[in-house]
Structure formats: C-alpha cells, structure tokens
Amino acid sequence: MGESVLPGEAPVEQSAASHLTDPVFLEDLRRQMLKFAVLQLDNEAQAEDAVQEALIGALKNVASFERKAALKTWVFAILKHKITDLLRYQQRWVDVEKQSDLADDEALPSVFDTRGFWHQEDRPNRWAQPVEAIDDAHFWRVFEVCLEDLPPAQGRVFMMREFIELDSDEICQSVDISASNLHVLLHRARLRLRRCLEEHWFCEEVAS
Amino acid sequence: MMNCEQATRLMSDGRERDLSLRERAAIKIHTLMCDGCSNFNAQIHDISQISRRYAKEREGQEDQANTGPKGDGTPG
C-alpha cells in the first residue's frame, strides 16, 4: 500500500524523525491530514482512524526522510491510499442514494429556464487563463469554499472522481448507485462548481 | 435541437463514458450555436485539471503554504 510510495528525494539520515516528534509540527500535520480525510470520507471517526494509521505507518519508516516536504508528501500519499481503500471496500460507508440530493430541489442549480436553456445571467462566460489561477494561493481558497458548498453526495462523488481518480465503475460500486445516478450527480456538481468559480474568481476575467 | 441542460449533461457524461457518434454530433451542433455550452465544455475540462492539481497539492503543499500567495489575489 502506501509504504511503497516514495518520493524521489535522496533520503538523508535522521532529521525527519525529529519533525515527527516535534509536537507543533505533528499537530499541524495531523490537522491538515484530518481536513483532507474528512473532506473525502465525510465521516469524522473514519477520517481520524485513517489519519492515525497513516501516521503510524509513517513513524515506522521515518528514518529515511530528511526534508519536511518529502515527509509530508509521503505521509499524505499513505493517507490517500488508506482513503482509497476505505472508499473501495467499505460499501456501507455511505448510502449516497438515501441521503441523495437527487430529490433535493437545491441540487440542480436553477441555471436553466423552463425550456432547459441557460438563464441569461447564468450562461457560462469564457474563463481567461484558467490554468494560471493554479499558481495563485488565493484561488485555492476560493476553490475550497466552492467545493464545500457542494451538496454532500455531489461533493463526495466529485472528489472520488476528480481527486482520487476512481473511474465511474469503481465509484458506483463503492457507493452503490447506478451509473446514471452517478452521472446525474457529477453533472450537477460540475454545474454548481463552475458557477461558483466563475462568480468568485473568473468573473472579472470575462473575455468578450 | 437539444437544450442546454441536455447538452451539458452529455458533455459531463463524456468525461465518464465514450459517447456515441450521434451524441458527439449533437454536442458539436449545439456548441456551434451556443457559446454558453461551449464555455461549459471547456470549463469542466479545466475543473478536472484544477482538481487533480489540488489533490496533488494537498499532499505536499504545506511547506509552500507559509510563503503566502504569489499574486495579490486580484484576478486579471
């Protein structure tokens, strides 16, 4: 599993061990990991467990890491694998369909008129330089806010799809929904996310 | 002709499964006449790239996080 994921840096003796025994560093790292895990698992207890296990795994092999960055990359890689396993194998982990936004009026942003065409104010504008936004730290805060704004089931399948890069079949299996339900959720998530990003980030970059 | 809701749905589905020739043709025709959906199609691709980058950064960003934003946060 995660233990096989090693970053390319040349391992140097010792000092990572001291990072992991530094309570401030450790607490900070744990908090970041937990946020990451909760976002994807939507279950605090499971997220805590996954983080705990990932940290224990890291401590066992910590001697080979020198730089904090390398250590963190590696710890997060372990965590990501644990989350993936949980998502894949704990099928009862969430009943997306039951708490689904499929029946939720809010779920489909009312961006279309009754005939199914864009409302004037909701019609997507062209995004200027979407790729360059990636280099702006402020953009990531906007992105996070937009993600958290997704209804839970939409957010979860979206992250499984686009963050963890599971394919549709795997997602359908692990959350026990049909492909067409998944596609509905992803469509809605994308509509919502793009609207949020355009409203809060790309709005001033409209290219005519 | 398809409406925008159907067109965006097909575009989204296109990231999940192979579309038929007919479906692809329908999208093509729709986007020729609809800038909004054409932009949507580009944006879901951008969002996918952005998301993957985000997931990557979450794993290893923390050392950079302290350096603060590179820009001033003002788009454009």
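User: In the largest nonpolar core, which residues touch the most other members?

Analyst: First the ground rules: this is a predicted model in which local features need pLDDT of at least 70 and side-chain atom pairs count only at pLDDT 80 or more, while totals for chains, interfaces and linings use all residues; side-chain values use heavy atoms, with hydrogens and water left out. Residues are numbered from 1 along each chain as its sequence is written, with chains lettered from A and ligands numbered from 1 in the order in which they are written. A nonpolar core here is a set of buried Ala, Val, Leu, Ile, Met, Phe, Trp, Tyr and Cys residues joined through side-chain atoms within 4.5 Å, where buried means under 20% relative accessible area, exposed over 50% and partly exposed in between (1.4 Å probe, protein chains only). In this core of 57 residues, the ones touching the most other members are Leu79(A), Phe143(A) and Leu197(A).

User: Which element of chain B gives two or more residues to this core?

Analyst: Elements are DSSP runs numbered from the N terminus: helices are H or I with at least four residues, strands E with at least two. Chain A puts in H2 (23–41), H3 (44–60), H4 (68–89), H6 (137–148), H7 (152–162), H8 (168–175) and H9 (179–200). Chain B joins them through helix H3 (35–60).

User: How many residues make up the largest share of this core, and which element do they come from?

Analyst: Helix H4 of chain A spans 68–89 and is among the contributors. The largest share is 9 residues, and it comes from H4(A).

User: Which domains does this core draw at least three residues from?

Analyst: The bounds here come from an automatic or database domain assignment. Each of these gives at least three residues to the core: domain 1 (2–92) and domain 2 (95–205) of chain A.

User: How many residues does the other core have?

Analyst: It lies apart from the largest core and includes Cys4(B), Ala7(B), Cys37(B) and Phe40(B). In soluble globular proteins, nonpolar side chains tend to be buried together. The size of this other core is 15 residues.

User: Back to Leu197(A): which residue of chain B does it touch?

Analyst: Contact means heavy atoms within 4.5 Å. Skipping residues up to four places away in sequence, Leu197(A) touches Trp127(A), Phe139(A), Val142(A), Phe143(A), Cys146(A) and Phe202(A) in its own chain. Over in chain B, it touches Ile47(B).

User: Is Phe202(A) buried or exposed?

Analyst: Phe202(A) sits in the segment after H9 of chain A. Beyond four places in sequence, it contacts Trp127(A), Ala128(A), Pro130(A), Ala133(A), Phe139(A) and Leu197(A); Ala133(A) is 69 residues away in sequence and 9.0 Å away, C-alpha to C-alpha. Because its relative accessibility is 1%, Phe202(A) counts as buried.

User: Which residue of chain B meets Glu162(A) in a salt bridge?

Analyst: A salt bridge is a side-chain nitrogen of Lys or Arg within 4 Å of a carboxyl oxygen of Asp or Glu. The N to O distance in this one is 3.2 Å, and the pair crosses between chains, from helix H7 of chain A to helix H3 of chain B. Glu162(A) is buried because its relative accessibility is 1%. Its partner, partly exposed at 29%, is Arg52(B).

User: Which other residue of chain A does Arg52(B) meet in a salt bridge?

Analyst: This pair also crosses between chains, reaching the loop between H7 and H8 of chain A, with 3.6 Å from N to O. The partner is partly exposed, at 43% relative accessible area. That residue is Glu165(A).

User: Which residues do shared salt-bridge partners join into one network?

Analyst: A search over all chains finds 14 salt bridges. One of them pairs Arg17(B) with Glu23(B) at 3.0 Å, N to O. The network made through shared partners holds Arg161(A), Glu162(A), Glu165(A), Arg190(A), Glu16(B) and Arg52(B).

User: Which residues make the nonpolar surface patch of about 500 Å²?

Analyst: Patches are made of residues with over 30% relative accessible area and no salt bridge, joining like charges within 9 Å and nonpolar side chains (Val, Leu, Ile, Met, Phe, Trp, Tyr) within 5 Å. Areas come from the Shrake-Rupley method with a 1.4 Å probe, and for residues only the protein chains shown count as cover. Ile29(B), in helix H2 (residues 21–33) of chain B, is partly exposed at 47%. The patch is made by Met1(B), Ile29(B), Leu32(B) and Met33(B).

User: How many helices does chain A have?

Analyst: Chain A has 0 strands, and 50% of its 208 residues are buried. The helix count is 9.
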